[in-house]
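Hello everyone, and thanks for making time today. Please bring up the sequence and the model on your screens, and we'll walk through them together.

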Amino acid sequence: PALRRLPDGSLVAGVRLHDGEVRTAICAVDVARGRLHELVALPSGGDCSYPGLVWHDDRLLVSYYSSHEGRSCVYLAEVALSPAAARSA
């Protein structure tokens, strides 16, 4: 997993979830409750994970790998994510 503090102080995590469907996802971190809340699932599946997170120009850039298209490839996703969304999740 990877953590990134957003400009408003909230935390997001890039993680591999496997609660039935395996995927790489961006989650809000609820520090007080010790919980994650899934905000967005990235196109992924099978062997996937190792996200890298960068906040730039009011968006979250996520690099990760996945084998959902048949072979393992590296992807870059641009996630429009309001810091308030991560805080209120």
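Let me begin with a bit of vocabulary: two strands pair if DSSP finds at least two bridges between them. Helices (H or I, at least four residues) and strands (E, at least two) are DSSP runs, numbered from the N terminus. With that in hand, here is the sheet: 3 strands form an open sheet in the order E5-E6-E7, with antiparallel pairing. E5 and E7 are the edge strands, each pairing on one side only. From one strand to the next, the twist averages 20°; for such angles, axes are lines fitted to C-alpha atoms, for helices over the stretch in contact, and angles run from 0 to 180 degrees between N-to-C directions.

A quick word on what we're looking at. This is a predicted model, where local features need pLDDT of at least 70 and side-chain atom pairs count only at pLDDT 80 or more, while totals for chains, interfaces and linings use all residues. Residues are numbered from 1 along each chain as its sequence is written, and side-chain values use heavy atoms, with hydrogens and water left out.

Back to the sheet. As a reminder, strands of a sheet pair through backbone hydrogen bonds, either parallel or antiparallel. E5 and E6 pair in the antiparallel sense over 7 bridges, and Gly52 sits opposite Ser63 in E6. On the other side, E6 and E7 run antiparallel and are joined by 7 bridges. There, Val62 faces Ala77 in E7.

Now the connections. The hairpin of E6 and E7 has 6 residues between the strands, and Gly70 in it takes a positive phi near 110°. Which residues should you look at in the loop between E5 and E6? Asp57 lies there, and so does Asp58. Asp57 has a positive phi near 50° without being a glycine, and Asp58, also not a glycine, has a positive phi of about 60°. Asp57 is exposed, with a relative accessible area of 57%, and Asp58 counts as exposed at 63%. To be exact about that word, exposed means over 50% relative accessible area, buried means under 20%, and partly exposed is in between (1.4 Å probe, protein chains only).

Next, the aromatic rings. How many aromatic pairs does a search of the whole structure find? It finds 2. The first to show you is Tyr50 with Tyr65, a stacked pair at 5.8 Å centre to centre and 20° between the planes. Rings of Phe, Tyr and Trp (its six-membered ring) pair if their centres lie within 6.5 Å; planes under 30 degrees apart count as stacked, over 60 as edge-to-face and the rest as tilted. This pair links distant parts of the chain, 15 residues apart: Tyr50 is in strand E5 (residues 48–56) and Tyr65 in strand E6 (residues 59–66). Is Tyr50 buried or exposed? Tyr50 is exposed, at 66% relative accessible area, whereas Tyr65 is buried, at 18%.

The other pair is Tyr64 and Tyr75: their ring centres are 5.5 Å apart and their planes at 25°, so this pair is stacked. Tyr64 lies in strand E6 and Tyr75 in strand E7 (residues 73–79), so the pair ties together parts 11 residues apart in sequence. Tyr64 is buried, with a relative accessible area of 4%, and Tyr75 is buried too, at 18%.

Let's go inside. A nonpolar core is a set of buried Ala, Val, Leu, Ile, Met, Phe, Trp, Tyr and Cys residues joined through side-chain atoms within 4.5 Å. The largest one has 14 residues, of which Ile26, Leu42, Leu60 and Val62 touch the most other members. E5, E6 and E7 each supply at least two residues of this core. A second, separate core of 5 residues includes Val15, Leu17, Ala25 and Cys27.

Ala25 has its place in strand E3 (residues 22–30) and is buried, with a relative accessible area of 0%. Arg23 is found in strand E3 as well, and is buried at 9%. Its side chain reaches the backbone oxygen of Glu21 at 2.6 Å, and the side chain of Arg23 makes a polar contact with the side chain of Glu38 at 2.7 Å. A polar contact is a pair of N or O atoms within 3.5 Å; within protein, one must be able to donate a hydrogen and the other to accept it, and residues adjacent in sequence count only if both atoms are side-chain atoms.
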